[in-house]
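Thank you all for making the time this morning. I would like to spend a few minutes on charged side chains and how they pair, so please have a look at the structure first.

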Amino acid sequence: QVQLVESGGGLVQAGGSLRLSCAASGRTGSSSAMGMGWFRQAPGKEREFVATISWTGGTTTYADSVKGRFTISRDNAKNTVYLQMNSLRPEDTAVYYCAARRYNSGATYYIRDYDLWGQGTQVTVSS
């Protein structure tokens, strides 16, 4: 049973940076090559795609709203995926969720393709 735990959220001023981490625990050996993604949900809004990365790290995709400011990366030896967020804006305020594709190593921005989710971490950007 694989579980995802996010960390690194917090309060930051506009223009600042944060790095989110998503650690996978449980059966995370090489047989569990998972595509991973980050999503976010602001109050009163639907959950939306932020970034995704393939198992090898060779494929990454970003939402237009974060392109050039956010970077997704992974360290498979540590079973951890990261989201480096720079030049943060108040509109980036949301709960950020890590998601995994337990049986597919590819990257995808379709929320329906993810079958494992973390509990979320709050990111608040003040103006």
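**Salt bridges in the model**

Let me begin with Arg102, which is partly exposed, its relative accessible area being 31%. Please keep in mind throughout that what we are looking at is a predicted model. The partner of Arg102 is Asp115, and their side chains form a salt bridge with an N to O distance of 3.5 Å. Both residues sit in the loop between β9 and β10 (116-117), yet they are 13 residues apart, and the pair therefore links distant parts of the chain. Asp115 is likewise partly exposed, at 33% relative accessibility.

How many salt bridges does the model contain by this rule? The count comes to five, and I will go through two others.

The side chains of Arg69 and Asp92 meet at 2.8 Å, N to O. Arg69 belongs to the loop between β6 (60-62) and β7 (70-75), while Asp92 belongs to the loop between β8 (80-85) and β9 (94-101), so this salt bridge ties together parts that are 23 residues apart in sequence. Are these two residues buried or exposed? Arg69 is buried, with a relative accessible area of 8%, and Asp92 is buried as well, with a value of 0%.

Finally, there is the salt bridge between Asp64 and Lys67, whose closest N and O atoms are 3.1 Å apart. Here Asp64 counts as exposed because its relative accessibility is 66%, whereas Lys67, at 49%, counts as partly exposed, since the exposed class begins over 50%.

Key. Residues are numbered from 1 along each chain as its sequence is written. This is a predicted model: local features need pLDDT of at least 70, side-chain atom pairs count only at pLDDT 80 or more; totals for chains, interfaces and linings use all residues. Side-chain values use heavy atoms; hydrogens and water are left out. A salt bridge is a side-chain nitrogen of Lys or Arg within 4 Å of a carboxyl oxygen of Asp or Glu. Buried means under 20% relative accessible area, exposed over 50%, partly exposed in between (1.4 Å probe, protein chains only). Helices (H or I, at least four residues) and strands (E, at least two) are DSSP runs, numbered from the N terminus.
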